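Q: I have a new structure open and would like to learn how to read it. Could we go through some features together?
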Amino acid sequence: MIEPGNSTTSTGNADNDVPSVTTVPVPRTAPLTVGVEEEFLLVDARTFRVVPAAPLVLETAAGLPAEVHAEGTRYQVEISTPVADSAPKLREELAALRRTLSRAARAHGCRLLAAPSPVVAVDGPLHLTDDEPRQREQHRRFGALTDTLVSCGRHIHVGTFDVDTAVAVSNRVRPWLPTLIALAANSPFWGGRDTGHASWRSMAWSGWPSAGLPPHFTSTAHFRLTVQTLLRSGAALDTKMVYWDLRPSGHWPTLEIRAPDMSPDIDTAILQAELVRALVATALRDIAEHRAEPAVRDDVLRLARWRAAHDGLEGFGLDPYTGAELPAADLAEALLDRVAPQLAASGELDHAAKTMGGLLRDGSGAHRQRRAFARRENLTDVLHHLADETENF
């Protein structure tokens with residue numbers, strides 16, 4: 001079992017032996033807030049092929065202009081919850097937004113799909129969001145990488161705090177990203193075949209030069225310099241293209257976790273939000289109490305990320321602090337143990353433990369997709385399964 005507090009007495013990045021961020025956050029009196037962005041695919045209600053119907057669906061859902069948005073392609077729509085300070089409130093907001101968007105999709109002969117990938121290959125040329133010159137420039141510069149835009153993730157924002165605090169917290173949350181990926185793994189099928197991975201989206205998205213694991217930052221100045229280097233090198237058009245799994249938001253006073261696959265069931269979404277907010281709260285406590293930041297080797301963390309994407313929750317993973325191979329279920333339980341005090345303080349421990357127990361018992365999203373496929377070896381069954389779970393409000 002992982003015990004990060006005992007894994008080492010040194011601080012910073014073990015590869016470079018650099019000092020850790022020294023900023024100490026101002027003690028908080030208000031609870032951490034949380035907001036979630038969810039991306040969905042639109043599929044034809046009969047064929048379950050993705051359709052470029054986003055402009056029509058968004059027009060029908062126009063009564064929620066602040067919460068419903070276009071995404072990178074016309075096959076996708078996105079919802080953004082209002083800021084919440086509790087898991088029950090967040091669940092209420094997610095369910096209401098999904099319900100509204102699902103009704104709008106059905107009005108145009110579509111169904112909403114909370115899936116990281118379209119499962120089957122996209123027919124014809126890619127339909128980018130055609131009223132966004134930025135999207136066309138992105139396609140011109142990055143070519144076939146933009147094919148991966150037809151994928152959906154869940155972004156969790158925790159705040160509020162300044163960028164100094166967000167950078168310091170990022171370093172301490174970073175080792176747990178592989179476990180969050182394993183818990184959310186939900187993209188085994190891509191382009192009409194089983195990829196052999198539980199979260200192929202994590203692997204495909206890593207092809208972007210500005211994606212994947214964030215660096216360990218030695219200071220806020222180091223963070224800013226790294227972002228500027230991405231921009232100057234041409235690896236990113238703008239700060240919106242800083243696609244790291246974890247980043248201080250460029251637009252809100254939050255830390256944004258972008259690693260998880262999109263998953264159809266709301267309880268898994270809430271579990272992710274609960275775990276992430278509790279991880280941030282734990283990091284803030286440790287910083288305020290001047291606890292040493294355990295060293296994590298970048299090469300081990302990269303391997304842990306791949307193993308999480310490959311095995312998901314049903315196989316094995318790597319302890320990010322030691323590199324030891326452990327059952328993915330043990331790593332998930334270690335994460336829950338790590339943040340249990342914070343979850344208990346917010347009244348969310350029972351829900352988090354129950355939901356994680358259900359995932360460990362019934363299988364991850366990737367496992368459930370493969371189970372749906374195994375019945376008749378028909379990918380349409382997988383798409384039906386995803387659509388039905390998405391609409392189970």
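A: Happily! Keep in mind that this is a predicted model. Let us begin with enclosed space: a search of the whole structure finds four cavities of 30 Å³ or more.

Q: How does one look for empty space, and how much space lies in the largest cavity?
A: The general idea is to roll a probe the size of a water molecule over the atoms, which shows where empty space is left. Here, the largest cavity holds about 90 Å³ of space. It is lined by 13 residues, and the closest to its centre are Pro-178, Thr-179, Ala-182, Ala-308 and Leu-331.

Q: Which elements give two or more residues to the lining of the largest cavity?
A: Look for helices α5 (177-184), α9 (298-311) and α10 (328-345), together with strand β12 (316-318). By class, this lining has nine nonpolar, three polar and one charged residues.

Q: What about pockets? How much space lies in the largest pocket?
A: A cavity is a space the probe cannot get out of, while a pocket is open. In this model, the largest pocket has about 1,200 Å³ of space. Its lining counts 48 residues, with Glu-37, Glu-71, Glu-78, His-155 and Lys-240 the closest to the centre.

Q: Which elements should I follow to trace the lining of the largest pocket?
A: Several strands and helices give two or more residues each: β1 (33-44), β2 (68-70), β3 (76-80), β5 (154-159) and β11 (254-257) among the strands, and α1 (54-60), α3 (133-142) and α6 (200-205) among the helices. The largest share, six residues, comes from β1.

Q: How many residues of each class are in the lining of the largest pocket?
A: There are 15 nonpolar, 19 polar and 14 charged residues.

Q: Now the inside of the protein. How many residues has the largest nonpolar core?
A: The general idea first: in soluble globular proteins, nonpolar side chains tend to be buried together. In this structure, the largest nonpolar core has 90 residues, and those with the most contacts inside it are Leu-42, Leu-101, Leu-275 and Val-280. Helix α8 (residues 266-288) gives the largest share of this core, 14 residues. There is also a second, separate core of 17 residues, which includes Trp-208, Ala-211, Phe-217 and Trp-244.

Q: Which residues does Leu-42 touch?
A: Leaving out residues up to four places away in sequence, the contacts of Leu-42 are Arg-49, Val-50, Val-51, Ala-53, Ala-54, Val-57, Tyr-75, Val-77, Ala-105, Arg-111 and Leu-112.

Q: Could we look at a helix in the same way? Where is Phe-223 found, and what does it touch?
A: Phe-223 is found in helix α7 (residues 220-233). To judge burial, compare the relative accessible area with the cut-off of 20%. Phe-223 has 9%, so it is buried. Beyond its neighbours up to four places away in sequence, Phe-223 touches Val-163, Val-167, Phe-217, Trp-244 and Pro-248. Thr-226 lies in helix α7 too, and at 17% relative accessible area Thr-226 is buried. With the same sequence neighbours left out, Thr-226 touches Pro-215, Phe-217 and Trp-244.

Q: How far apart in space are Thr-226 and Leu-42?
A: They are 36 Å apart, C-alpha to C-alpha, and 184 residues apart in sequence.

Q: Is Ser-364 buried or exposed?
A: Ser-364 is buried, with a relative accessible area of 0%. You will find Ser-364 in the loop between α11 (349-362) and α12 (365-376). Apart from residues up to four places away in sequence, Ser-364 touches Ala-185, Leu-313, Glu-314 and Leu-359.

Q: One last feature: how many disulfides does the structure hold, and why is Cys-110 not bonded to Cys-152?
A: To read this feature, look for two cysteine sulfur atoms within 2.5 Å. The structure holds zero disulfides. The closest cysteine sulfur to that of Cys-110 is in Cys-152, and because the two are 14 Å apart, they are too far for a bond. As for accessibility, Cys-110 counts as buried at 3%, and Cys-152 counts as buried at 0%.

Technical notes: Residues numbered from 1 in each chain as written. Predicted model: local features only at pLDDT ≥ 70, side-chain atom pairs only at ≥ 80, totals over all residues. Heavy atoms only, no water. 1 Å grid on protein atoms, 1.4 Å probe; cavity = no way out; pocket = protein on both sides within 12 Å on 5 of 7 lines; lining within 4 Å. Points joined across faces, edges and corners; volume = space filled by probe spheres on them. Helix = DSSP H or I, 4+ residues; strand = E, 2+ residues; numbered from the N terminus. Nonpolar A, V, L, I, M, F, W, Y, C, P; charged D, E, K, R; others polar. Core = buried A, V, L, I, M, F, W, Y, C linked by side-chain atoms within 4.5 Å. Buried < 20%, exposed > 50% of the residue type's maximum accessible area, 1.4 Å probe, protein only. Contact = heavy atoms within 4.5 Å.
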